[in-house]
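Please open the structure in your viewer and keep the selection tool at hand. The tour below proceeds stop by stop, stating what to select and what is found there.

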Amino acid sequence: MKHSSNGVSVRFLPAQEHITAGIVGLGYVGSCIAATLADNGVGVIGVDTDATLVEELAGGHCRFSEAGLPELVSRLAGTAAFQATTEYAALAAADVVIVTVGTPIRDQGVLMDLQLRGACEELSRHLRPGQLLIFKSTVPAGMTRELVLPLLERSGLTCGTDFGLAFCPERLSEGNALRELRSFPIVVGGWCDESADAAAEFWRRALGVEIIRCASLETAEMVKLADNWWIDHNIAMANELAMVCATVGVDVLDVIAAANSIKKGSGSVNILLPSVGVGGSCLTKDPWMVWRSAGERGLALRTIPAAREVNDGMPRYTFGLIVEELAKLGRAPEQAKVAVLGLAFKNDTGDLRATPTQPVIAALREAGAEVTLHDPLVDEDEAEKTFGLRPCASVEEAVRDADCLAVLAWHRPFRDLDLTWLRRQVAPSCAVIDGRAYYPRETIARLRELGFAYRGIGR
């Protein structure tokens with residue numbers, strides 16, 4: 001291993017330098033953690049119920065578009081450092097088991113715990129004395145103690161005596177996950193002090209990062225929820241600020257840059273950026289998880305529904321901008337071709353989960369527009385399932401004779417587009433809608449110089 005604490009001896013973690021970690025759930029988060037740990041010298045046993053996913057990873061193929069991850073998976077495939085299987089029994093060889101299964105919600109915060117329950121039940125059949133279990137799947141505060149622990153103890157083993165239990169929230173940002181895994185502090189909450197000690201020591205040895213110790217499992221669970229609650233609220237403010245700026249004719253990015261220059265408390269004002277909307281698997285569900293959990297305890301939270309309403313309304317707002325700009329060009333939606341560049345929920349990822357581009361595209365099609373799609377990072381089959389349209393294979397095919405270019409995710413491959421070439425591909429009158437590109441003034445001036453109309457969120 002690259003990082004060592006000189007074999008510090010703690011309960012629920014072997015003193016020897018080489019440790020084997022099991023990863024339960026090889027989705028986006030699990031694959032990132034598994035590959036990073038294996039690259040750092042930890043022996044990794046990955047387990048997932050998706051046999052196709054397991055086969056892909058074992059063969060060196062990574063279906064997730066994350067900077068550096070496909071290359072890392074390819075390099076690790078076939079080595080002793082990383083094994084992928086559908087068999088939970090293989091986890092008997094692991095010193096530490098990390099659970100990263102999905103915890104989706106329905107109906108404004110009701111947790112769908114099928115995957116979490118299934119993982120715990122399977123683990124209870126294969127748990128052995130001395131193992132440390134670390135859960136990273138986002139849950140309402142109290143669920144590790146109230147749901148996970150009783151399921152694990154069906155094994156006949158006792159937490160704190162026979163095995164350790166800790167919660168360490170996943171706090172990665174798609175597009176930067178591998179870098180953040182090697183640099184971000186890791187939050188640790190344990191069922192007992194020995195469990196917390198073991199989890200902290202494991203992450204120090206495996207990643208060499210700062211550890212933030214929490215007083216309890218519940219504290220650590222709440223940290224992730226608080227992070228995403230804050231982010232969602234901040235973006236909602238940025239989105240409404242953008243709408244206000246649009247009404248008075250100022251550029252919201254200028255306002256945000258200046259506003260963020262002031263110190264406040266131990267940091268600075270930090271208004272995030274407005275966009276076509278909020279998507280992904282966390283920001284759209286974690287605030288509702290807090291809201292539901294608080295409601296069950298008799299506390300009615302009011303800011304979460306408000307922020308969610310704002311952010312969920314941004315796709316419709318963006319659709320309105322497209323319609324307005326087409327009208328200025330003398331085009332009704334049913335007479336127009338709109339090319340959407342970028343389909344993922346954020347820049348530089350191929351993730352389509354809860355992407356805000358979907359309702360924009362659905363509204364355009366419902367209005368009668370001809371819509372073409374292109375995104376170099378998304379899986380074409382997944383895109384077709386999500387949007388009901390097959391993406392074009394190239395930018396050229398997508399933008400040909402378009403009356404509007406809706407740039408809804410600004411991936412690195414788009415940054416090399418020649419604007420002069422682009423102008424020759426589109427219709428004589430063409431609008432550019434900036435949903436998440438945040439073009440600098442120089443680029444906006446160049447677009448207008450070439451004859452494009454430009455409109456951004458709050459710009």
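## First stop: a parallel sheet and its helices

Select helix 13, residues 357-366, which lies across strand 13 and strand 14 and runs at about 155° to strand 14. Please bear in mind throughout that this is a predicted model.

Next, display the sheet to which these strands belong. It is an open sheet of five strands in the order 14-13-15-16-17, and the pairing is parallel. Colour strand 14 (370-374) and strand 17, the edge strands, each of which pairs on one side only. On average, neighbouring strands of this sheet are turned by 20° against each other, direction ignored.

Move to strand 15 (residues 404-407) and strand 16 (residues 430-434). These two strands run parallel and are joined by four bridges. Within strand 15, select Leu 405; opposite this residue stands Val 432 in strand 16. As a general point, strands of a sheet pair through backbone hydrogen bonds, either parallel or antiparallel.

Now select helix 12, residues 314-328. Helix 12 lies across strand 13 (337-341), strand 15, strand 16 and strand 17, and runs at about 155° to strand 17.

## Second stop: a mixed sheet

Turn to the open sheet formed by eight strands in the order 3-2-1-4-7-8-9-10, where the pairing is mixed. Strand 3 (82-85) and strand 10 (211-213) stand at the edges with a single partner strand each, so one side of each has no neighbour in the sheet. Here the average turn between neighbouring strands is 25°, direction ignored.

Which way do strand 8 and strand 9 run, parallel or antiparallel? Select strand 8 (residues 164-167) together with strand 9: they run antiparallel and are joined by two bridges. Ala 166 can be found opposite Gly 190 in strand 9.

Add helix 7 (residues 193-207) to the view. Helix 7 packs on the sheet and touches strand 1, strand 4, strand 7 (132-135), strand 8, strand 9 and strand 10. The direction of helix 7 makes about 155° with that of strand 9.

Then select helix 1, which lies across strand 1 (20-24), strand 2 (43-47), strand 3 and strand 4 (96-99). Helix 1 runs at about 170° to strand 1.

## Third stop: an aromatic pair

A search of the whole structure finds six aromatic pairs. Among them is the pair of Tyr 28 and Phe 64, which is edge-to-face, with 6.4 Å centre to centre and 80° between the planes. Tyr 28 lies in helix 1 (residues 28-39), and Phe 64 lies in the loop between helix 2 (51-58) and helix 3 (69-76), so the pair ties together parts that are 36 residues apart in sequence.

## Fourth stop: two cavities

Rolling a probe the size of a water molecule over the atoms shows where empty space is left. How many cavities of 30 Å³ or more does a search of the whole structure find? The search finds two.

The largest cavity has a volume of about 110 Å³. To see its lining, select Lys 136, Pro 169, Glu 170, Arg 171, Leu 172, Glu 180, Leu 181, Phe 184, Pro 185, Ile 186 and Val 187. Helix 6 (177-181) and strand 9 (186-190) each supply at least two residues of this lining. The lining residues of the largest cavity comprise seven nonpolar, no polar and four charged.

The second largest cavity holds about 50 Å³ of space. Residues that line the second largest cavity include Val 252, Leu 253, Pro 274, Asp 434 and Tyr 454. Helix 9 (252-259) and strand 17 (452-456) each contribute at least two residues to the lining of the second largest cavity. In the second largest cavity, the lining residues divide into six nonpolar, two polar and three charged.

Notes. Residues are numbered from 1 along each chain as its sequence is written. This is a predicted model: local features need pLDDT of at least 70, side-chain atom pairs count only at pLDDT 80 or more; totals for chains, interfaces and linings use all residues. Side-chain values use heavy atoms; hydrogens and water are left out. On a 1 Å grid over the protein atoms alone, a cavity is a set of points where a 1.4 Å probe fits but cannot get out, and a pocket is an open set with protein on both sides within 12 Å along at least five of seven lines; lining residues have an atom within 4 Å of a point. Grid points are joined across faces, edges and corners, and a volume is the space filled by probe spheres set on the points. Ala, Val, Leu, Ile, Met, Phe, Trp, Tyr, Cys and Pro count as nonpolar, Asp, Glu, Lys and Arg as charged, and the others, Gly among them, as polar. Two strands pair if DSSP finds at least two bridges between them. Axes are lines fitted to C-alpha atoms, for helices over the stretch in contact, and angles run from 0 to 180 degrees between N-to-C directions. Contact means heavy atoms within 4.5 Å. Rings of Phe, Tyr and Trp (its six-membered ring) pair if their centres lie within 6.5 Å; planes under 30 degrees apart count as stacked, over 60 as edge-to-face and the rest as tilted.
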